[in-house]
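Thank you for sending this one over; please keep the structure open while you read. My comments follow as numbered points, and each can be checked by eye.

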Amino acid sequence: MAMVIFKKKKHFRPFRERVRRGAETALKCLVLFSGPTFVGGLAGIAWYFAPFRHDLHVDDGTRDIIVHAVLPILGMAYSIIVGVSALATPWTKYMEMRIAVKHYDVDVYMDNEDEELSPLIHGIVGTLAVAMMLSFMVLPYESATGGFSIVFGVAFVLALMYFVVRQIDNPSTGLWYIKGTPPEWEGVDPTKYREERCRAAREAFIKKNGGTAKPEKTA
């Protein structure tokens, strides 16, 4: 049997569809990048008119501590939390919902549709991002161009990560929504769907344990 080093893809979309999807993706990226660009611009302007214009920066000794200790620790903590929780968890949910659409598994889709990252994760990530941003802003820079570029770039990357996580965490809405979702699923309240699905099991559990069901709140 001959050894195969590279295997070509056998099934391709039509050329026009690939061009259309590529143009659509490029447009979505432009819209997505507009938010981080705005945030980066605000951070750069704030740095220019506050720390840079008024010469509010740390001394050389503090700069060395920030560069060699503070920023590496903050960056490592940020990378671990974002990689393990803030990005991996929504991505897993996103893929489960995509597979559910392909298999018409409405239960899996509804179980994940209203699940979101905990505000605690957003709080931790946001705190680390602000701490890193402030650390870069108080460093001394020789020129306004160099300082603005660094502050803008760091703010852009941190904001981009936030916007990407938000898009993945809400795959039924936004720019990167899941295509092909059955129209009959649209507008269904996942909480009410789960209540109806679990009603029989809930009543059986209450009957078995001798309890009484509390009246459900109606909207």
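1. Before anything else, a cut-off is needed: a residue is called exposed when its relative accessible area is over 50%, buried when that area is under 20%, and partly exposed in between. Please also bear in mind throughout that this is a predicted model.

2. With that cut-off in hand, consider D55, which lies in the loop between α1 and α2. Because its relative accessibility is 53%, D55 counts as exposed. The backbone at D55 also deserves a look, since its phi is near 55°, a positive value in a residue other than glycine. For comparison, most residues other than glycine have a negative phi.

3. Y104 can be read alongside that point, for it too is not a glycine and yet has a positive phi of about 50°. Where does Y104 lie? Y104 sits in the loop between α3 and α4, just after α3 ends. With a relative accessible area of 45%, Y104 is partly exposed.

4. The helix before that loop, α3, covers residues 88-103, and its length can be checked by simple reasoning. At 1.5 Å a residue, its 16 residues should span 22 Å, and the end C-alpha atoms are 23 Å apart, which agrees.

5. Which residues of α3 are buried? They are P90, K93, Y94, M97, A100 and V101. Seen down the helix axis, the buried residues of α3 fall within an arc of 125°, so they line one face of the helix. These buried residues pack against α2, α4 (106-113) and α6, whereas the face turned away from the buried side carries the exposed residues K102 and H103.

6. Turning to the interior, the largest nonpolar core has 24 residues, and those with the most contacts inside it are Y78, A86, V125, M132, M133, V151 and L158. The elements that give two or more residues to this core are α1 (15-52), α2 (60-86), α5 (119-137) and α6 (144-169). The largest share, 7 residues, comes from α5.

7. V125 is a useful residue on which to centre the view of that core. Once its neighbours within four places in sequence are left aside, V125 is in contact with Y78, I81, V82 and A86.

8. Finally, a second, separate core should not be overlooked: it has 9 residues, and M97, M110, I168 and W185 are among them. Readers may recognise M97 from the list of buried residues in α3.

Conventions: Residues numbered from 1 in each chain as written. Predicted model: local features only at pLDDT ≥ 70, side-chain atom pairs only at ≥ 80, totals over all residues. Heavy atoms only, no water. Core = buried A, V, L, I, M, F, W, Y, C linked by side-chain atoms within 4.5 Å. Buried < 20%, exposed > 50% of the residue type's maximum accessible area, 1.4 Å probe, protein only. Helix = DSSP H or I, 4+ residues; strand = E, 2+ residues; numbered from the N terminus. Contact = heavy atoms within 4.5 Å. Expected span 1.5 Å × (residues − 1). Arc of directions from axis to C-beta.
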